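Here is a walk through a protein model, taken one region at a time. Keep the viewer open and follow along.

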Amino acid sequence: MPLDLLPDDLQRAIIDAATDLLDPVAAAASLRTRADGPVRDLGVWDKATAQGWFGLAIPEDAGGLGLGTGELALIHHALGRTLTPGPYLGTTVAATVAHATGSPLLAEVMAGLPVGILTTDEPSGSFRTVDREDAGAWLVLSPDRAALLGALPAGAIAATPDSMDPGARPALVTLDSDVECYVEGTRPWTLAILLVAAQLAGIAQAAVAGSVAHTSVREQFGRPIGGFQMVQQRCADMATRADAATQLCLLAALTDADAAQLAASALLVAADAAVTNARDDIQNHGGMGFTWEVDSHLRLRRAHGLRALLCDPTDLRHAVLAGTSARAW
């Protein structure tokens, strides 16, 4: 059955609202200056909550907006494009888990209770997160089950050295609290994989925009460097990668949220596109690309962090190429 991957009027309105709300200049500036503490911009978070982002895919009779995974992917594409930090991923997936299990936390999550993600850290036997200072509840996520927890005692969270992404707050977490709701199945994991892929595709798109803007005004030998064939070719390849990643994410979102293999493929393609485009963007900026003042390095840092957030990139590639389901990761 043919699928229309172009946004309709409602989806275009959602994209425009997200673009108006999320300010990439402010987000990049806050990433540079926020050395410690919560990474969430409370003003942006409150407005996103008021727009119903966390209840976007929750049915209307449960208090949500009754939309679908495609609309969630568009929101997270915008989050990636603007490098907006915060536990948007965990809170969005937690709302679907809370709804599926009838948890009383659903209303609080849709009202903006920030939820961090916990995934298994095999070497330590604990759980790892990047939301240590910014979560009022926790979503424990694995390929075949998910659990929702309330607030954890401070002693359960042990900070680990900061990652290369200034928008991440990594930690190891030890759990001994009761699970408030629990669900089996691949749906929460697949949704998380898909939304991470959408953020990575957004980063790839932002790298293209950054390169085009710079190469259009930066001159060498009396002409913009974007006029040279090698630079043109590099930018064209970047645009192709970004578009392919975005379209594959939307295809996975519109086909079926349970399509684990398609979502995994989207994550693989989007991760490669984001990392490669961010590197090429630094190359297009020349010596400036390595400086703290230019956003290019922030995109590369975020791309690396997201690529490894839920699973090992090498395991993901092997699983996709082998055609196995997400359960085998």
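Let's begin with a turn in the chain: a hairpin of 2 residues carries strand S3 over into S4. Bear in mind that this is a predicted model. S3 covers residues 137–142, and its pairing with S4 is antiparallel, with 5 bridges. If you want a landmark within this pairing, look for Leu139, which faces Leu148 of S4. Strand S4 itself spans residues 145–149, and 4 of these 5 residues are buried, leaving the strand mostly covered.

Now turn to the aromatic rings. A pair of such rings can be described by how far apart the centres are and by the angle of the planes. The model has 5 aromatic pairs. One of them joins Trp45 and Tyr88 in a tilted arrangement, with 4.8 Å from centre to centre and 55° between the planes. Because Trp45 belongs to helix H3 (residues 42–50) and Tyr88 to helix H5 (residues 88–101), this pair ties together parts that lie 43 residues apart in sequence. Are these two rings buried or exposed? Trp45 has a relative accessibility of 1%, so it counts as buried, and Tyr88, at 2%, counts as buried too.

For another pair, go to Phe221 and Phe228, which meet edge-to-face with centres 6.5 Å apart and planes at 85°. Here Phe221 has 78% relative accessibility and therefore counts as exposed, while Phe228, at 25%, counts as partly exposed.

Back at Trp45, there is a wider group to explore: ring pairs connect Trp45, Trp53, Phe54 and Tyr88 into a cluster. Trp45 also has a charged partner, since the charged end of Arg40 sits over its ring, 4.9 Å from the centre.

Our last stop is an empty space inside the protein. Rolling a probe the size of a water molecule over the atoms reveals where such space is left. In this model there is 1 cavity of 30 Å³ or more, and the largest cavity encloses about 50 Å³. Which residues line the largest cavity? The lining is made up of Trp53, Phe54, Leu56, Leu72, Ile75, His76, Leu79, Tyr88 and Thr92. Helix H4 (69–82) and H5 are the elements that each give two or more residues to this lining, and H4 provides the largest share, with 4 residues. By character, the lining of the largest cavity has 7 nonpolar residues, 2 polar ones and no charged ones. Trp53, Phe54 and Tyr88 will be familiar by now: they belong to the ring cluster and also line the largest cavity.

How values were computed. Residues numbered from 1 in each chain as written. Predicted model: local features only at pLDDT ≥ 70, side-chain atom pairs only at ≥ 80, totals over all residues. Heavy atoms only, no water. Buried < 20%, exposed > 50% of the residue type's maximum accessible area, 1.4 Å probe, protein only. Pairing = 2+ DSSP bridges. Phe/Tyr/Trp six-rings, centres within 6.5 Å; stacked < 30°, edge-to-face > 60°. Lys NZ or Arg CZ within 6 Å of the ring centre and 35° of its normal. 1 Å grid on protein atoms, 1.4 Å probe; cavity = no way out; pocket = protein on both sides within 12 Å on 5 of 7 lines; lining within 4 Å. Points joined across faces, edges and corners; volume = space filled by probe spheres on them. Nonpolar A, V, L, I, M, F, W, Y, C, P; charged D, E, K, R; others polar.
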